[in-house]
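Work through the exercises below with the sequence and the coordinates open. Each task is followed by a solution in steps.

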Amino acid sequence: RRWRVGVSIDLEFRMFVSDHQPCGLSQYNQLVFSPRLQRAKAKVSETLVSYFKRVVAPRLRDGFGLSRYTCDLAIDPGALELDGPIPDDRIVLVELNPFYESTGMGLFNYERDQQTLTTPPCETRIVEAPPPPKALGQMLDRDWRSILRGGEQRRTTDRAWAQLEGCM
């Protein structure tokens with residue numbers, strides 16, 4: 001990841017916060033199975049919830065207009081090998097986002113998981129096993145499937161940008 005040396009795709013997470021309380025934590029990329037994350041699930045969950053409560057939440061309670069939002073967090077992979085808790089300097093708050101219907105949900109479902117996502121304690125979900133190859137292909141966006149099959153590499157958004165170029 002260019003924005004933070006050492007951060008890898010399997011150690012990025014989305015935390016769902018309601019009334020300033022962490023209620024759900026999901027592996028950010030729901031297509032990635034990570035054996036090291038599976039082994040460290042409890043440590044990661046405890047660490048990120050603690051980090052949120054101690055470091056992030058106190059800074060947001062006063063003057064932050066939302067009580068329901070998401071926090072994207074990442075952990076330096078080397079931190080998983082450390083004995084004991086993961087130090088704060090090995091965690092990064094990537095960004096804050098609104099929490100509503102079109103928010104990326106990771107391993108949660110906005111409709112089915114409303115109770116979980118708005119009520120503590122924080123439930124953590126990670127990919128527990130590699131998806132079967134056929135299922136993985138179906139989970140990928142249509143444009144990416146085409147690229148991986150050697151098809152046209154033009155993305156749907158390219159057409160939108162082409163339309164905007166004439167307006168600028």
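**Exercise 1: a salt-bridge network**

In this predicted model, the side chains of Asp-113 and Arg-125 form a salt bridge, with an N to O distance of 3.0 Å. Task: place both residues in the secondary structure, and find which residues are linked with them in a network of salt bridges.

Step 1. Asp-113 belongs to the loop between strand 4 and helix 3 (114-118), and Arg-125 to strand 5 (residues 123-125), so the pair ties together parts twelve residues apart in sequence.

Step 2. Arg-125 also forms a salt bridge with Glu-123; here the closest N and O atoms are 2.7 Å apart.

Step 3. Asp-113, Glu-123 and Arg-125 are therefore linked in a network of salt bridges.

Step 4. For the two acidic residues, compare the relative accessible area with the limits: buried is under 20%, exposed is over 50%, and partly exposed is in between. Asp-113 has 10%, so it is buried. Glu-123 has 31% and is therefore partly exposed.

**Exercise 2: a salt bridge between two strands**

Task: state which elements are linked by the salt bridge of Asp-72 and Arg-14, and decide whether these residues are buried or exposed.

Step 1. The side chains of Asp-72 and Arg-14 meet at 2.7 Å, N to O.

Step 2. Asp-72 is in strand 3 and Arg-14 in strand 1; the pair links distant parts of the chain, 58 residues apart.

Step 3. Both Asp-72 and Arg-14 are buried.

Step 4. A search of the whole structure gives seven salt bridges.

**Exercise 3: the nonpolar cores**

Task: find which members of the largest nonpolar core touch the most other members, and which element gives the most residues to this core.

Step 1. The core has 26 residues, and those touching the most other members are Phe-13, Met-15, Val-44, Leu-48, Phe-52, Cys-71 and Ile-75.

Step 2. At least two residues come from each of strand 1 (12-18), helix 2 (41-61) and strand 3. Helix 2 gives the most, nine residues.

Step 3. Beyond its neighbours within four places in sequence, Val-44 contacts Phe-13, Leu-37, Ile-75 and Leu-80.

Step 4. Another core lies apart from this one; it has six residues, including Phe-16, Met-105, Phe-108 and Leu-117.

**Exercise 4: a loop residue**

Task: locate Glu-81 and classify its accessibility.

Step 1. Glu-81 sits in the loop between strand 3 (68-75) and strand 4 (91-98).

Step 2. Its relative accessibility is 63%, so Glu-81 counts as exposed.

Step 3. Glu-81 and Ala-40 are 41 residues apart in sequence, and their C-alpha atoms are 9.3 Å apart.

Note on methods
Residues are numbered from 1 along each chain as its sequence is written. This is a predicted model: local features need pLDDT of at least 70, side-chain atom pairs count only at pLDDT 80 or more; totals for chains, interfaces and linings use all residues. Side-chain values use heavy atoms; hydrogens and water are left out. Helices (H or I, at least four residues) and strands (E, at least two) are DSSP runs, numbered from the N terminus. Buried means under 20% relative accessible area, exposed over 50%, partly exposed in between (1.4 Å probe, protein chains only). A nonpolar core is a set of buried Ala, Val, Leu, Ile, Met, Phe, Trp, Tyr and Cys residues joined through side-chain atoms within 4.5 Å. Contact means heavy atoms within 4.5 Å. A salt bridge is a side-chain nitrogen of Lys or Arg within 4 Å of a carboxyl oxygen of Asp or Glu.
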